[in-house]
Amino acid sequence: MAVSEDATVTSKGQVTIPKRIRDRLGLDAGTEVEFILEEDETIRVRQKEPAMDRLRAVKEQLADRDVDIETMRRESKAEWESHYDGDEV
């Protein structure tokens, strides 16, 4: 069932996520969320997945394909190194 609540953007660009929605999503203080702007200009807000969880999901997706992860890693590293000029820290 869809839940709809109104909120107001403050002069600082802040929005409070309504309590009913926070409760339904299990969002507590300090929880990171991400805003996704869709092509039709609707906005989706969802709890941000930890980086390691996102990487695990990618790994699982690649495991179903005939992909050599080590080759991809070496090629990626070589490509990044080709852009590094040694002057940056």
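E38 is partly exposed, because its relative accessibility is 27%, and that falls between the 20% and 50% limits. Before I go on, please keep in mind that this is a predicted model. E38 sits in the loop between β1 and β2. From there, let's look across to M52: E38 and M52 are 14 residues apart in sequence, and their C-alpha atoms are 25 Å apart in space.

Let me stay in that loop for a moment. E41 also has its place between β1, which covers 33-37, and β2, which covers 43-47. The backbone there deserves a look: phi of E41 is near 70°, a positive value in a residue other than glycine. Is E41 buried or exposed? E41 counts as exposed, because its relative accessibility is 66%.

Here is another pair for you to find on the screen. L25 and E39 are 14 residues apart in sequence, with 24 Å between them in space, C-alpha to C-alpha. L25 belongs to helix α1. L25 is partly exposed, since its relative accessible area is 46%.

Now to the strands and the surface they offer. Which residues form a nonpolar patch on the surface? They are F35, L37, I43 and V45, and together they have about 440 Å² of accessible area. Two elements, β1 and β2, give two or more residues to that nonpolar patch. Take L37 as an example from the patch: L37 lies in strand β1. L37 counts as exposed, because its relative accessibility is 62%.

Next, the pocket. The largest pocket has a volume of about 550 Å³. How many residues line the largest pocket? There are 22 of them, and those nearest the centre are I17, P18, I21, I43 and V45. You have met I43 and V45 already, as members of the nonpolar patch.

Where does that lining come from? α1, β1 and β2 each supply at least two residues of the lining, with α1 spanning 19-25. The largest share comes from β2, with four residues. Sorted by class, the lining of the largest pocket has 14 nonpolar residues, four polar ones and four charged ones.

That brings me to the charges. Side chains of opposite charge can pair when their charged atoms come close. How many salt bridges does a search of the whole structure find? The search finds seven, and I'd like to walk you through some of them, helix by helix.

We can start in α1. The side chains of K19 and D23 meet in a salt bridge, at 2.7 Å from N to O. Why are K19 and D23 separated by about one helical turn? It is because they are four residues apart in helix α1. As for accessibility, K19 is exposed, because its relative accessible area is 51%, a value over the 50% limit. D23, at 49% relative accessibility, therefore counts as partly exposed.

Moving along to α2, residues 51-63, we have R56 and D53. These two form a salt bridge, and their closest N and O atoms are 3.2 Å apart. R56 and D53 are three residues apart in the helix, so about one helical turn separates them. R56 has 45% relative accessibility and so counts as partly exposed. D53, at 36% relative accessibility, also counts as partly exposed.

Last stop, α3, which runs over residues 69-83. Which residue forms a salt bridge with E70? It is R73, with the closest N and O atoms 3.1 Å apart. R73 and E70 both lie in α3, three residues apart, which is about one turn of the helix. R73 counts as partly exposed, because its relative accessibility is 44%. E70 is partly exposed too, since its relative accessible area is 40%.

So, to leave you with a picture: β1 and β2 each give two or more residues to the nonpolar patch, and both strands also supply at least two residues to the lining of the largest pocket. Helix α1 supplies at least two lining residues as well, and it also holds the K19 and D23 pair. Thanks for listening, everyone!

Key
Residues numbered from 1 in each chain as written. Predicted model: local features only at pLDDT ≥ 70, side-chain atom pairs only at ≥ 80, totals over all residues. Heavy atoms only, no water. Buried < 20%, exposed > 50% of the residue type's maximum accessible area, 1.4 Å probe, protein only. 1 Å grid on protein atoms, 1.4 Å probe; cavity = no way out; pocket = protein on both sides within 12 Å on 5 of 7 lines; lining within 4 Å. Points joined across faces, edges and corners; volume = space filled by probe spheres on them. Nonpolar A, V, L, I, M, F, W, Y, C, P; charged D, E, K, R; others polar. Patch = residues over 30% accessible without salt bridge, like charges linked within 9 Å, V, L, I, M, F, W, Y side chains within 5 Å. Areas by Shrake-Rupley, 256 points an atom, 1.4 Å probe, with all protein chains shown as cover. Salt bridge = Lys/Arg side-chain N within 4 Å of Asp/Glu carboxyl O.
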